[in-house]
Amino acid sequence: MFMGEYQNSIDAKNRMIIPSKHRESLGLHCVLTKGIDRCMYIYSVPEWEEFTKKLTSLPDYDGISRKNKRDLGKISEFCEIDKQGRIVVPQKLREYAGIERELVTVGVFDKIEVWSKEEWERTENGEQPDPGEIAKKMMEYGV
């Protein structure tokens with residue numbers, strides 16, 4: 001399970017450090033992909049396999065699910081975590097997330113979100129949903 005917020009950066013070799021508290025849950029490998037918001041997601045391999053089972057069960061005759069599967073398939077990367085806890089972040093994912101140097105990692109229970117520091121601050125300082133609406137939606141979801 002992933003929780004917490006951490007500040008970090010990309011080094012000259014396009015590597016980022018996975019926060020040490022998350023490394024044990026990830027093991028030696030992880031999957032890096034684009035997120036729904038302008039960020040990247042890091043999944044453990046078992047979580048990624050669970051996610052892709054659900055994704056591949058979506059019908060190919062539905063244009064939105066077909067496009068989503070294709071988009072995630074072409075941009076997702078299987079990553080090896082080195083001895084210092086780093087992964088290489090491909091250029092296409094850095095561009096998608098707008099990450100040039102500074103980044104923020106946020107544990108979101110089943111995955112880690114990786115944001116450019118600037119985009120994270122805009123998101124955090126932007127318009128926030130009403131707490132009552134959040135509670136109502138969570139009740140609708142059975143949480």
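Trainee: Is Ala97 buried or exposed?
Mentor: This is a predicted model, and the label depends on a computed area. Ala97 has a relative accessible area of 0%. The cut-off for the lowest class is under 20%, so Ala97 counts as buried.

Trainee: In which helix is the place of Ala97?
Mentor: Helix H4 covers residues 91–97. Residue 97 belongs to that range, and the place of Ala97 is therefore in helix H4.

Trainee: How far apart in space are Ala97 and Glu47?
Mentor: Along the sequence, 50 residues separate Ala97 and Glu47. The distance in space is taken from C-alpha to C-alpha, and it comes to 21 Å.

Trainee: How many charged residues are in the lining of the largest pocket?
Mentor: Rolling a probe the size of a water molecule over the atoms shows where empty space is left. In this model the largest pocket holds about 150 Å³ of space, and its lining includes Tyr41, Trp48, Phe51 and Lys34. Sorted by class, the lining has seven nonpolar and three polar residues, and the number of charged ones is one.

Trainee: Which helices each supply at least two residues of that lining?
Mentor: Strands and helices both contribute to the largest pocket. Strand S3 (29–34) and strand S4 (40–44) each give at least two lining residues. The helices that do so are H2 (45–56) and H3 (63–75).

Trainee: What is the area of the nonpolar surface patch made by Ile134, Met138, Tyr141 and Val143?
Mentor: Take Met138, which lies in helix H6 (residues 131–140). A patch residue needs over 30% relative accessible area, and Met138 has 32%, so it is partly exposed. Together with Ile134, Tyr141 and Val143, Met138 makes a patch of about 430 Å².

Trainee: Which residue forms a salt bridge with Glu140?
Mentor: Side chains of opposite charge can pair when their charged atoms come close. The partner lies in helix H6, as Glu140 does, three residues away, about one turn of the helix. Glu140 is exposed at 51% relative accessible area, while its partner counts as partly exposed at 38%. The closest N and O atoms are 3.4 Å apart, and the partner is Lys137.

Trainee: Is Lys111 buried or exposed?
Mentor: The side chain of Lys111 meets that of Asp110 in a salt bridge, 3.3 Å from N to O. Asp110 is partly exposed, with a relative accessible area of 30%. Lys111 has a relative accessibility of 13%, and because the cut-off is under 20%, Lys111 counts as buried.

Trainee: What is the N to O distance in the salt bridge of Arg15 and Asp11?
Mentor: Asp11 counts as partly exposed, at 25% relative accessibility. A salt bridge needs the nitrogen within 4 Å of the carboxyl oxygen. The side chains of Arg15 and Asp11 meet at 2.8 Å.

Trainee: Which residues are linked in a network of salt bridges?
Mentor: The count of salt bridges comes to 11. Some of them are linked in a network, and the residues in it are Arg38, Glu119 and Arg122.

Trainee: What is the phi of Asn14?
Mentor: Most residues other than glycine have a negative phi. Asn14 lies in the loop between strand S1 (2–9) and strand S2 (15–17), and counts as partly exposed at 27% relative accessibility. Asn14 is not a glycine, yet its phi is positive, about 60 degrees.

Trainee: What is the phi of Phe109?
Mentor: The place of Phe109 is in strand S7 (residues 102–109). With a relative accessible area of 52%, Phe109 is exposed. Phe109 is not a glycine either, and its phi is positive, about 65 degrees.

Notes: Residues are numbered from 1 along each chain as its sequence is written. This is a predicted model: local features need pLDDT of at least 70, side-chain atom pairs count only at pLDDT 80 or more; totals for chains, interfaces and linings use all residues. Side-chain values use heavy atoms; hydrogens and water are left out. On a 1 Å grid over the protein atoms alone, a cavity is a set of points where a 1.4 Å probe fits but cannot get out, and a pocket is an open set with protein on both sides within 12 Å along at least five of seven lines; lining residues have an atom within 4 Å of a point. Grid points are joined across faces, edges and corners, and a volume is the space filled by probe spheres set on the points. Helices (H or I, at least four residues) and strands (E, at least two) are DSSP runs, numbered from the N terminus. Ala, Val, Leu, Ile, Met, Phe, Trp, Tyr, Cys and Pro count as nonpolar, Asp, Glu, Lys and Arg as charged, and the others, Gly among them, as polar. Patches are made of residues with over 30% relative accessible area and no salt bridge: like charges are joined within 9 Å, nonpolar side chains (Val, Leu, Ile, Met, Phe, Trp, Tyr) within 5 Å. Accessible areas come from the Shrake-Rupley method with a 1.4 Å probe; for residues, only the protein chains shown count as cover. Buried means under 20% relative accessible area, exposed over 50%, partly exposed in between (1.4 Å probe, protein chains only).
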